Amino acid sequence: MAQQRALPQSKETLLQSYNKRLKDDIKSIMDNFTEIIKTAKIEDETQVSRATQGEQDNYEMHVRAANIVRAGESLMKLVSDLKQFLILNDFPSVNEAIDQRNQQLRALQEECDRKLITLRDEISIDLYELEEEYYSSSSSLCEANDLPLCEAYGRLDLDTDSADGLSAPLLASPEPSAGPLQAAAPAHSHAGGPGPTEHP
């Protein structure tokens, strides 16, 4: 009643009309159902014949059943009107429903954020372990990366010079062997020279 007094006059009048419709429809259903039960009772002989009385009772039952159906349809229409009235005018309930939905969505968002943070931490740990495994497996690369740039290039130049020094003696080593080969050739020609001179 306090909420109804707080409502405007038009809305209060509308609610009163809804209340009156509800009472009238329920009263119509109860009255017609009671009369149908009374009509079904078998009475003693009357001035009219049983066939005529039966037709009259049958017609009355049909009419009262139609009245019950009409009252039921009116109640269903009243329920639809009440729902529409609540949807259009019951702003506190609508706001409460919106707030509840917002709270549910916020809770879902927080849960998704927690899962994403947990997933990020796990991925970071896995990446760190993979990096450690990679750099530990290639220790030489790690040492080269740890040196300064000038020192790394200096070591590369030293390696290049040492490689050139090793390759030079290998290329010059066949020259001493060429001497005996050339000396053997004249000795052979000198040994064959007196042969023809002695022959004549």
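This briefing describes the fold, the buried residues, the salt bridges, the aromatic pairs and a surface patch of one protein chain. The model is predicted. The protein chain has eight helices and zero strands, and its pattern along the sequence reads α-α-α-α-α-α-α-α. Of its 200 residues, 8% count as buried.

**Overall fold and surface**

- The accessible surface of the protein chain comes to about 17000 Å². Carbon and sulfur atoms account for 61% of that surface.
- Contacts in the protein chain can be sorted by how far apart the two residues are in sequence. Among contacts between residues at least 6 apart, 70% join residues at least 24 apart.
- Three of the helices recur in the points below: helix H2 covers residues 9–39, helix H3 covers residues 50–89, and helix H4 covers residues 91–137.

**Two buried residues in helix H2**

- Aspartate 25 has its place in helix H2. This residue is buried yet has no salt bridge.
- The nearest side chain of opposite charge to aspartate 25 is arginine 21, at 5.3 Å. A salt bridge requires a nitrogen and an oxygen within 4 Å, so the distance of 5.3 Å between aspartate 25 and arginine 21 does not qualify.
- When neighbours within four places in sequence are left aside, aspartate 25 is in contact with Ala71, Ser74 and Leu75.
- Threonine 39 is also placed in helix H2. Threonine 39 counts as buried because its relative accessible area is 11%, and buried means under 20%.
- Beyond its neighbours within four places in sequence, threonine 39 is in contact with Asp57, Glu60 and Met61.

**Salt bridges**

- A search of the whole structure finds eight salt bridges. Among them are the pairs described in the next points.
- Lysine 27 forms a salt bridge with aspartate 31, and their closest N and O atoms are 3.0 Å apart. Both residues lie in helix H2, four residues apart, which is about one turn of the helix.
- Lysine 27 is exposed, with a relative accessible area of 54%, whereas aspartate 31 is partly exposed at 35%.
- Glutamate 35 and arginine 64 meet through their side chains in a salt bridge of 3.9 Å, N to O. Glutamate 35 belongs to helix H2 and arginine 64 to helix H3, so this pair ties together parts that are 29 residues apart in sequence.
- Both partners of that bridge are partly exposed: glutamate 35 has a relative accessible area of 25%, and arginine 64 has one of 21%.
- Arginine 120 forms a salt bridge with aspartate 121, with the closest N and O atoms 3.5 Å apart. Arginine 120 is exposed at 52% relative accessible area, while aspartate 121 is partly exposed at 36%.
- Arg21, Lys77 and Asp81 are joined into one network by salt bridges that share partners.

**Aromatic pairs**

- A pair of aromatic rings is described by the distance of the centres and the angle of the planes.
- The count comes to two aromatic pairs.
- In one pair, the rings of tyrosine 18 and phenylalanine 85 have their centres 6.3 Å apart and their planes at 85 degrees. The pair is edge-to-face because its angle of 85 degrees is over 60.
- Tyrosine 18 lies in helix H2 and phenylalanine 85 in helix H3, so the pair ties together parts that are 67 residues apart in sequence. Both tyrosine 18 and phenylalanine 85 are buried.
- In the other pair, the rings of tyrosine 134 and tyrosine 135 have their centres 5.3 Å apart. Their planes stand at 70 degrees, so this pair is edge-to-face as well.
- Tyrosine 134 is partly exposed, with a relative accessible area of 48%, and tyrosine 135 is partly exposed at 43%.

**A nonpolar surface patch**

- Leu116, Leu119, Ile123, Leu127 and Leu130 make a nonpolar surface patch of about 490 Å².
- One of these residues, isoleucine 123, is found in helix H4. Isoleucine 123 is partly exposed, with a relative accessible area of 43%. Residues qualify for a patch with over 30% relative accessible area, so isoleucine 123 at 43% meets that cut-off.

Notes:
Residues are numbered from 1 along each chain as its sequence is written. This is a predicted model: local features need pLDDT of at least 70, side-chain atom pairs count only at pLDDT 80 or more; totals for chains, interfaces and linings use all residues. Side-chain values use heavy atoms; hydrogens and water are left out. Patches are made of residues with over 30% relative accessible area and no salt bridge: like charges are joined within 9 Å, nonpolar side chains (Val, Leu, Ile, Met, Phe, Trp, Tyr) within 5 Å. Accessible areas come from the Shrake-Rupley method with a 1.4 Å probe; for residues, only the protein chains shown count as cover. Buried means under 20% relative accessible area, exposed over 50%, partly exposed in between (1.4 Å probe, protein chains only). Rings of Phe, Tyr and Trp (its six-membered ring) pair if their centres lie within 6.5 Å; planes under 30 degrees apart count as stacked, over 60 as edge-to-face and the rest as tilted. Contact means heavy atoms within 4.5 Å. Lys and Arg count as positive and Asp and Glu as negative; His and the chain ends are not counted.
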